[in-house]
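Colleague: I am new to this structure and would like to know the reasons behind the words used for it. Please take me through them.

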Amino acid sequence: FLIVVALSYAAFLLVYQGRVYPGVSVGQIQIGGRPAFEADKILETELGKISQSGFKFRYQNKKIDVMPELAAFDPDLASAFFSCDREANLNKALEYGRGGNVWNNFRQQLRALVSGYSEKLDYELNSEPLKGFLQDTYSVFEIPGASASLLASTSTSEISFTVTAEKVGEEIDYDSAIVELKNNLNRARLD
């Protein structure tokens, strides 16, 4: 019985040599069971969608697509706020189930096979230029608030005071939008 199990496991390792183990994905990008070159092409296609269509933001009725590189009139001021190393993501997926001792590798391979395993997308996001762009785009929807104030007016014989009520404003939480983008990127949810 043990010989059959050992031979089956050896055959499994042989079949998946140079392939991503079944059940392994990068976020929601399914690449399990694929040869490395095919998994790389899938990652290239899926991650290329970001370059083609950008990230979608919406507030009220205004929708914008923000491209990974923010354009500027002066090319020196253009800035890439998003970058993703496709090769690093592929290597992390290929290494899952291969990087430890035999027992740990077996556990990881079994986990991926039975319940799936998702690697977090490896990327860099420079939030400041993105936040600035969003503020420039959506600031027209913000309503500035005003504190209550005390106004004094004088007439010839008396001084009178008037309290103006505070004015509630509306501010957009750009940081939350960026956190949501990061959460979607961590799961490689690119739609």
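Modeller: What follows goes through helix pairs first and single residues after that, and the model is a predicted one.

Colleague: Why are α2 and α3 called oblique to each other?

Modeller: Helix α2 covers residues 36-53 and helix α3 covers residues 86-95, and they pack at an angle of about 135°. Angles of 65 to 115 degrees count as roughly perpendicular and those over 145 as roughly antiparallel. The value fits neither class, nor the parallel one under 35 degrees, and α2 and α3 are therefore oblique. Their axes are 10 Å apart, and the crossing is right-handed.

Colleague: Which residues make that contact?

Modeller: From α2 they are A36, A39, D40, L43, E44 and L47, and from α3 they are R86, N89, L90 and L94. Sorted by class, the contact of α2 with α3 has six nonpolar, one polar and three charged residues.

Colleague: What makes the buried residues of α3 line one face of the helix?

Modeller: The buried residues of α3 are N89, L90, A93 and L94. Looking down the axis of α3, they fall within an arc of 135°, so they line one face. These buried residues pack against α2, and also against β1 (24-26), β7 (82-84) and β8 (117-119).

Colleague: Why are α5 and α6 called oblique?

Modeller: Helix α5 (residues 127-138) and helix α6 (residues 174-186) pack at an angle of about 125°. Roughly perpendicular ends at 115 degrees and roughly antiparallel needs over 145. The angle lies between those limits, and α5 and α6 are therefore oblique. The axes of α5 and α6 are 10 Å apart, with a right-handed crossing. On the α5 side the contact is made by S127, L130, K131, L134, Q135 and Y138, and on the α6 side by Y174, D175, I178, L181 and K182. Its classes are six nonpolar, two polar and three charged residues.

Colleague: What makes α1 roughly perpendicular to α4?

Modeller: Helix α1 (residues 2-15) and helix α4 (residues 102-115) pack at an angle of about 75°, with axes 13 Å apart. The class runs from 65 to 115 degrees, so α1 counts as roughly perpendicular to α4. In this pair Y9, F12 and L13 of α1 meet V102, N105, F106 and Q109 of α4. The contact of α1 with α4 has five nonpolar, two polar and no charged residues.

Colleague: Turning to single residues, how do you know whether V26 is buried or exposed?

Modeller: Buried means under 20% relative accessible area. V26 has a relative accessible area of 0%, so V26 is buried. This residue lies in strand β1. Leaving out residues up to four places away in sequence, V26 touches I31, L43, N89, A93, S118, E119, L121 and A188. V26 and Y117 are 91 residues apart along the chain, and their C-alpha atoms are separated by 8.5 Å.

Colleague: Why does L121 count as buried?

Modeller: The cut-off is again under 20%, and L121 has 2% relative accessibility, so L121 counts as buried. L121 is found in the loop between β8 and β9 (123-125). Beyond its neighbours within four places in sequence, L121 is in contact with V26, L47, C84, N89, L185, N186 and A188. L121 and A88 are 33 residues apart in sequence and 9.4 Å apart in space, C-alpha to C-alpha.

Colleague: Why is K63 called exposed?

Modeller: Exposed means over 50%, and at 62% relative accessibility K63 counts as exposed. K63 has its place in strand β4. Not counting residues up to four places away in sequence, K63 touches F57, R58 and Y138. The C-alpha atoms of K63 and Y138 are separated by 9.8 Å, with their positions 75 residues apart along the chain.

Colleague: And why is Q60 called partly exposed?

Modeller: Partly exposed lies between the 20% and 50% limits. Q60 has a relative accessible area of 49%, so Q60 is partly exposed. Q60 is found in the loop between β3 (55-59) and β4 (62-66).

Colleague: What is there to say about the phi of Q60?

Modeller: Q60 has a positive phi of about 50°, although Q60 is not a glycine. Most residues other than glycine have a negative phi.

Conventions:
Residues are numbered from 1 along each chain as its sequence is written. This is a predicted model: local features need pLDDT of at least 70, side-chain atom pairs count only at pLDDT 80 or more; totals for chains, interfaces and linings use all residues. Side-chain values use heavy atoms; hydrogens and water are left out. Axes are lines fitted to C-alpha atoms, for helices over the stretch in contact, and angles run from 0 to 180 degrees between N-to-C directions. Helices (H or I, at least four residues) and strands (E, at least two) are DSSP runs, numbered from the N terminus. A crossing is left-handed if the near helix is turned anticlockwise from the far one by less than a right angle, and right-handed if clockwise. Contact means heavy atoms within 4.5 Å. Ala, Val, Leu, Ile, Met, Phe, Trp, Tyr, Cys and Pro count as nonpolar, Asp, Glu, Lys and Arg as charged, and the others, Gly among them, as polar. Buried means under 20% relative accessible area, exposed over 50%, partly exposed in between (1.4 Å probe, protein chains only). The arc is that of the directions from the helix axis to the C-beta atoms.
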